[in-house]
Every structure is written in structure tokens, then in C-alpha cells.
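Trainee: Hello! I would like to learn how to read a protein model, step by step. Could we look at one together?

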Amino acid sequence: MHTHADLPLAVGLRLPTNGLDYAILAIYFLVVLGIGFAARRSVRTSLDFFLSGRSLPAWVTGLAFVAANLGATEILGMAATGAQYGVAVVHWYWIGAVPAMVFLGLVMMPFYYGSKVRSVPEFLLQRFDRSAHLLSSALFAFAAVLIAGVNLYALSIVVEALLGWPQWVSIVVAGLFVLAYITVGGLSSAIYNEVLQFFVILAALIPLTVLGLKRAGGWDGLSATLTERHGEAFLHAWSGTGIGEANPLGANWLTIVLGLGFVLSFGYWTTNFAEVQRALSARNLSAARRTPLIAAFPKMFIVFLVMIPGLVAAAIVPEIGTSGSDLTYNDAIPLLMRELLPNGVLGIAVTGLLAAFMAGMAANVSSFNTVFTSDIWARYVVRDRDDEYYLRFGRLITAVGVLASIGTAFLAASFSNIMGYLQTLFSFFNVPMFVVFVIGMFWKRASVKSGVWGLAAGTTAAMVNYFVFYRQGVIAIPSEQGANFVSAIVGFVAGAVVMVGVSLFTAPKPAAELAGLVYGTTSPGMTEPPDESDRAWYRRPALLGWGAVVLAVACYLPYSL
Amino acid sequence: MSAPHSEPHSAPGSTPPPAELREEVTRLEAKSATAARLFDIRRIIGGLFTVYGVIVTVAGLLASDAELRKAQGININLWTGLAMLALGLLFLLWMRLRPAQPPAAPPETD
């Protein structure tokens with residue numbers, strides 16, 4: 001059941017946009033630039049530019065945290081996953097996001113925020129050594145540009161199909177807008193635009209979901225149609241996931257729980273700096289801890305807004321994604337937009353999609369410039385200059401990063417599903433990061449040298465498993481998603497084994513230098529008085545975190561019985 | 001990055017002590033202008049959604065039969081427009097009721 005849903009959308013998907021829709025789009029682009037220029041006056045230091053001066057409120061960083069992930073590749077890709085695999089797409093949200101976000105907020109954030117590191121690699125510098133730091137910084141910078149390129153490429157294809165703009169036009173226009181508002185306004189500008197994009201994309205997806213359900217005869221009509229065509233398992237989260245059983249996802253419950261739910265998801269949400277950066281810009285420790293917890297709630301319910309359009313598309317176009325149709329799975333949401341939305345809401349939907357593409361790209365650019373400036377340039381190339389120099393350099397490298405991602409946009413073409421492509425990358429870059437983090441944070445004995453070896457071993461093992469064992473057919477895994485899950489587990493185990501092995505034969509870090517970096521210790525100066533308002537019961541991290549977990553489990557129930 | 005006085009961490013291959021990083025970030029936090037000078041995003045969300053709400057609501061009021069048929073008989077522009085308008089006004093109201101506090105004062109809002 002391996003499908004070849006090529007990235008390009010069908011040619012016949014041109015939307016019937018008119019002047020009203022373009023007016024809505026134009027207003028948005030003006031506001032985006034306006035935010036950038038209005039944020040300019042708040043940028044005085046490099047800390048303002050890269051981390052918003054660590055001063056934003058939790059609801060802003062929380063919504064930015066979820067929006068940074070809610071790029072258009074995610075939206076189109078997850079709707080595609082819904083159309084292809086059915087209800088199983090919920091795994092990416094309820095087991096593949098919520099537990100990791102809660103773990104980040106409740107367990108890891110005190111070490112991240114409390115140690116005052118400005119980036120994820122900088123934590124590795126403190127906990128391990130320069131080689132681990134340089135390797136993770138370089139890998140991250142590389143991945144960030146690559147993923148920004150994926151976003152830009154995907155944007156150009158969607159815009160060409162929907163609006164008829166030539167690809168180079170939308171690449172240049174979107175690239176320049178992102179370049180302008182981040183170079184001028186820094187992270188505050190990126191985060192504010194993400195918060196705005198969050199609401200616009202909801203305003204686009206909610207009407208689409210409502211009309212889609214109506215079109216397919218409500219949930220009952222939809223599930224009757226799909227059950228008849230694809231069987232009961234299509235509307236069931238766990239059906240057919242026993243080990244050795246066949247299911248469209250190509251993964252069993254063990255690889256779903258361990259590969260997706262534990263390794264991939266924890267790797268992405270807890271060590272991907274494009275996400276963690278939003279929490280590090282919060283105004284105090286309490287707000288930083290609440291950032292991923294606040295994000296967990298919208299994240300949990302957004303799945304309905306992408307899964308239902310995906311299912312509706314599968315119901316009303318039975319041949320979608322097969323050779324009998326020129327529509328691919330990625331067309332699910334654009335198809336419904338064309339079929340159902342009148343001008344006006346259509347303009348909102350186009351705006352939301354473009355906003356999501358730009359925000360997805362901007363999140364990567366704004367984390368790339370931080371890591372490149374403070375972790376690579378300021379540590380290893382030009383050291384000990386004054387802060388203004390690094391602020392100027394950060395602006396320059398933002399421009400360079402955007403131009404580089406335009407160049408890498410074309411790499412995205414060779415994978416069959418946008419999400420599959422992103423997840424393949426994450427399994428290579430984030431998984432070993434997560435191993436090194438979790439062992440480094442919880443095991444004092446992990447030596448300074450073990451970090452870099454764990455990173456190298458995990459990345460190599462995941463790549464070998466994917467490109468050699470899976471791609472060359474040495475081991476049989478039914479689908480690309482399944483292969484990603486398995487590669488992630490392999491990378492995790494290899495990284496862990498090598499770390500433990502290296503630690504046993506090399507010297508541990510002196511206990512005095514581990515304060516605030518390892519579980520059971522606290523940073524010496526971490527005595528900032530708790531904010532009075534943070535004592536309100538609904539702002540208690542433990543309540544928010546466990547509430548999210550309980551709610552995610554409850555969400556599973558209707559699709560698991 | 002670090003203070004100009006020479007520190008043992010300058011030796012290649014070693015790691016700067018955590019204390020030095022904390023001091024540097026604390027120093028930058030003290031000079032930061034974001035808390036004092038960054039505008040309130042609620043104003044932008046409120047403004048944009050109010051404008052969008054009005055535009056889309058008007059489009060809903062002028063909806064043709066063909067548009068209604070396309071949207072499954074629901075006047076989706078009207079409902080979406082009203083909802084966006086309500087959201088925009090709520091953000092403006094929230095900002096009016098609980099304006100952002102200057103950073104030094106004991107804050108009671110988010």
C-alpha cells in the first residue's frame with residue numbers, strides 16, 4: 001500500500017479567488033511587515049534579537065510554540081496522512097506530541113531555563129564539551145536551513161497550483177517577507193507573527209471542517225462511507241497494529257509507542273531548538289514551564305481540523321492518491337477549499353495557508369540565526385567582541401540563512417510525502433540529541449566525552465538503518481512511516497549504548513560543574529522570587545501538565561474501543 | 001562574547017564555566033529593551049480580526065445563491081465573519097481591562 005503522492009499538487013486545483021480574497025491576503029502581508037518594523041524599537045541587545053530578552057508572557061510563547069510546529073507542511077501533510085491512513089493520524093498528536101510537551105514543561109524546563117542557556121546546543125556545551133556542542137550546532141544549523149527550504153519549496157508549489165503564480169515569484173516574495181520581518185524585528189517579530197498565524201489558520205480550518213462534515217453527511221455519514229470503502233480499521237486508532245498484523249500505517253503498536261511516541265516525538269519537542277527557543281524567550285521560569293503545557297491543549301484538538309478534512313477528501317474523492325486520479329493525498333485541504341469555500345472565507349483560508357508556510361519557515365530561520373551566531377560564530381570564529389557586533393552579525397546571518405534555504409528548496413522533491421521527509425530528517429538529527437540530553441540530564445556519571453560519541457553513533461545508526469537496511473531492502477518494513485519509526489528506535493539505542501560505554505571508560509565531569517544541569521541539582525543563582533500571579537491555581541505547571549495527559553488519554557477512548 | 005579579562009576557558013577544548021554564562025545572560029537581561037518597549041500583540045490580533053470580521057461578515061450579508069449552494073447551504077461567510085469579529089473585539093476588550101504592566105510593577109496579568 002505504498003503510495004506515490006508526489007509533492008506537486010494537481011494542476012486542476014486552481015482556486016476561484018477574486019479581488020476580495022486578494023484584499024484579505026494583502027492586508028495580512030502588510031500586518032506581517034508592520035509587526036516586524038514595530039518590534040524593531042524593542043531590539044537593543046543580542047538577547048532581545050535572539051530570545052526576546054527572555055521577557056514574553058506564557059500565553060504568547062505557548063501559542064507561538066504550537067504555531068511554530070503548525071506550518072503548512074504539517075497541515076497539508078497531516079491531512080494527507082488522514083486521507084491515506086485514516087484515524088491513525090491521531091497518533092501524531094495524542095501520543096506523538098502531548099507526552100513529550102508535558103515532559104519538556106514539567107521535567108526539562110528547569111534545567112533549560114534555569115541554566116540561562118540561550119540555545120539547545122549551548123546546554124550541551126555546559127553539560128558535555130566543545131565537540132558535542134560544535135557537532136550539535138552544526139547539525140542543527142544545517143537541518144534548520146534544509147527544513148526552511150522544504151517550507152519554501154512546498155509553498156511555491158501550493159501557490160502555483162492554487163493561485164497560478166510562477167514558482168519563483170512566490171519563493172522570492174515569501175522569502176523576502178520572512179527575511180524582512182525577522183532581520184528587523186528579531187525573535188519577537190517571529191513569535192508575534194506566529195501567534196497571529198495561529199488564529200488565522202484556525203479561522204481557515206474551522207469553517208472548512210464544518211462544511212466538509214456537512215458535505216459528507218455528518219460524522220455518521222462520513223464514517224459509514226469510509227467503513228464501507230476501507231473497512232472498520234480506517235476509523236480506528238489501534239486496529240491492526242498487533243505485531244505481525246498488517247495495517248496501512250505499516251507500523252505495529254510497539255513501534256508506534258516507542259518509535260513515534262517516545263523517540264521521535266521526545267526528540268522533536270524537547271530538543272528541537274526551533275520549538276524550545278519559544279519557551280526560552282518566556283519571562284520567567286514559571287512562564288517557560290507553562291509554554292509547552294499551554295501549547296499541548298490546542299495541539300490536542302488541532303488534529304480534528306486536519307484529520308476531518310483528510311477523511312472528507314477520502315470520502316468524496318474515492319480515487320484520491322491512487323493512479324486513477326490526478327489528485328494526491330496532499331491535495332486534500334486545497335481540494336476542499338476549492339469545492340466548499342465561497343470568496344471571503346476562501347481568502348482567509350489562502351491567507352492562513354500562506355501564513356503557515358511563512359511561519360514554519362520563519363521558526364527555522366529565527367532558530368538558525370541564533371545557533372549560528374551565538375553557538376558557532378561567537379564561540380569558534382570571532383570571539384570576545386561587544387554585543388552590538390553580534391547583534392549586527394545576527395541580522396546579517398538571517399539574510400544569509402534565508403538565501404541558503406532558497407537554494408536547498410529543491411531537495412524536498414524526492415520524497416513521497418512532505419511529512420515523511422521531515423520525519424526522516426528529525427529521526428537523523430533529533431533522535432541522537434534526545435538520547436544525549438536525557439542521559440546527560442539524568443545520569444551524573446555520563447562523561448564529557450560521551451556526548452559527542454552518542455550524537456555521532458545515533459545519527460549514523462539511524463541513517464544506516466534508513467538508507468542501507470530499509471532502502472536497499474535488507475530488512476522488510478511495509479511503509480516509509482514504519483521505517484522512520486524503526487530508524488528512530490535504532491538511533492536511540494545505538495546512541496545510548498555508545499554513551500554508556502564511553503562514560504565507563506572516561507572521566508566524569510566534576511560534580512561542582514554539574515549544578516543546574518543534572519536532575520537533582522539546581523543552578524546557583526536560580527533564586528528569582530516567584531511571581532505572585534503565577535501562584536493562581538490554573539497556572540500551576542503540574543496541574544496543566546497532568547491535565548493535558550489525562551485529556552489526551554480521554555481523546556483516544558472513542559477511537560480505541 | 002565574554003568579558004575581556006582572560007579566563008582559563010580560552011584554552012582550546014575546554015568549556016566555559018556555567019557561572020560565566022549566567023553572568024553574561026544576566027547582564028544582557030538587564031540591558032534588554034523588549035519588556036519595556038515591545039508593543040502588545042493583543043492590539044494587533046484584535047485589530048486584524050475586527051477588520052477581517054467586518055469584511056467577511058459583509059461578504060456574508062451579500063452572499064449570492066450560488067455561494068450559499070457551494071457552502072452546503074450554510075452562510076459560512078456570515079458565521080465566520082461574526083466569529084472573527086467577536087474574537088477581535090474580545091482581544092481589544094481584554095487589553096482594555098488588563099493592560100500590560102510595566103515590568104517593575106507587581107504584575108497581576110499575563
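Trainee: In which loop of chain A is the place of A:D384?

Mentor: Good starting point, and keep in mind that this is a predicted model. To place a residue, look for the elements on either side. A:D384 sits in the loop between α15 (345–381) and α16 (387–408) of chain A.

Trainee: What is the phi of A:D384, and is the residue buried or exposed, or partly exposed?

Mentor: Its phi is near 55°, a positive value in a residue other than glycine. For exposure, we compare the relative accessible area with two cut-offs: under 20% is buried and over 50% is exposed, with partly exposed in between. A:D384 has 38%, so it is partly exposed.

Trainee: Where in chain B is B:Q72 found, and what is its phi?

Mentor: B:Q72 is found in the loop between α4 (65–70) and α5 (76–97) of chain B. Its phi is positive, about 60°, although B:Q72 is not a glycine. With a relative accessible area of 23%, B:Q72 is partly exposed.

Trainee: Let us step back to whole chains. How many helices and strands does chain A have?

Mentor: Counting elements is a good way to get the overview. Chain A comes to 20 helices and zero strands. Its radius of gyration is 23 Å, close to the 24 Å that the globule rule gives for 561 residues, so chain A is as compact as a globular protein of that length. Along the principal axes, its C-alpha trace spans about 65 × 55 × 50 Å.

Trainee: And what pattern does chain B follow along the sequence?

Mentor: Chain B reads α-α-α-α-α, which fits its count of five helices and zero strands.

Trainee: What percentage of the residues count as buried in chain A, and what percentage in chain B?

Mentor: In chain A, 67% of the 561 residues count as buried. In chain B, the value is 40% of 110 residues. You can also look at the surface that remains: chain A exposes about 17700 Å², with carbon and sulfur atoms supplying 69% of it. Chain B exposes about 5900 Å², and there carbon and sulfur atoms supply 66%.

Trainee: How do I read contacts by their separation along the sequence?

Mentor: Ask what share of them joins residues that are far along the chain from one another. In chain A, among contacts with a separation of 6 or more, 84% are between residues 24 or more positions apart. In chain B, 56% of the contacts between residues at least 6 apart in sequence join residues at least 24 apart.

Trainee: Which residues does A:A64 contact beyond its neighbours within four places in sequence?

Mentor: They are A:I191, A:E194, A:V195 and A:R278. A:A64 itself is in helix α3 (residues 58–69) of chain A, and it is buried, with a relative accessible area of 0%. For a distance to try yourself, go from A:A64 to A:A314: they are 250 residues apart along the chain, and their C-alpha atoms are separated by 31 Å.

Trainee: Is A:I243 buried or exposed?

Mentor: A:I243 counts as exposed, at 56% relative accessibility. You will find it in the loop between α10 (218–230) and α11 (253–271) of chain A. Leaving out residues up to four places away in sequence, A:I243 touches A:N252, A:W253 and A:L254.

Trainee: In which helix does A:G501 lie?

Mentor: A:G501 lies in helix α19 (residues 480–505) of chain A, and at 28% relative accessibility it counts as partly exposed. From C-alpha to C-alpha, A:G501 and A:A141 are 28 Å apart in space, with their positions 360 residues apart in sequence.

Trainee: Finally, how many residues of chain A are in contact with chain B?

Mentor: For an interface, look at who touches whom, and then at the area that is covered. Here 74 residues of chain A are in contact with 53 residues of chain B. The two chains bury about 5600 Å² between them, 63% of it on carbon and sulfur atoms. A:W59, A:K116 and A:Y192 supply 11% of the area that chain A buries against chain B, more than any other three residues.

Trainee: Thank you, I will look for those three in the view!

Notes
Residues numbered from 1 in each chain as written. Chains lettered and ligands numbered in written order. Predicted model: local features only at pLDDT ≥ 70, side-chain atom pairs only at ≥ 80, totals over all residues. Heavy atoms only, no water. Helix = DSSP H or I, 4+ residues; strand = E, 2+ residues; numbered from the N terminus. Rg over C-alpha atoms; globule rule 2.2 N^0.38 Å. Buried < 20%, exposed > 50% of the residue type's maximum accessible area, 1.4 Å probe, protein only. Contact = heavy atoms within 4.5 Å. Areas by Shrake-Rupley, 256 points an atom, 1.4 Å probe, with all protein chains shown as cover. Buried area = accessible area lost by both parts, 1.4 Å probe.
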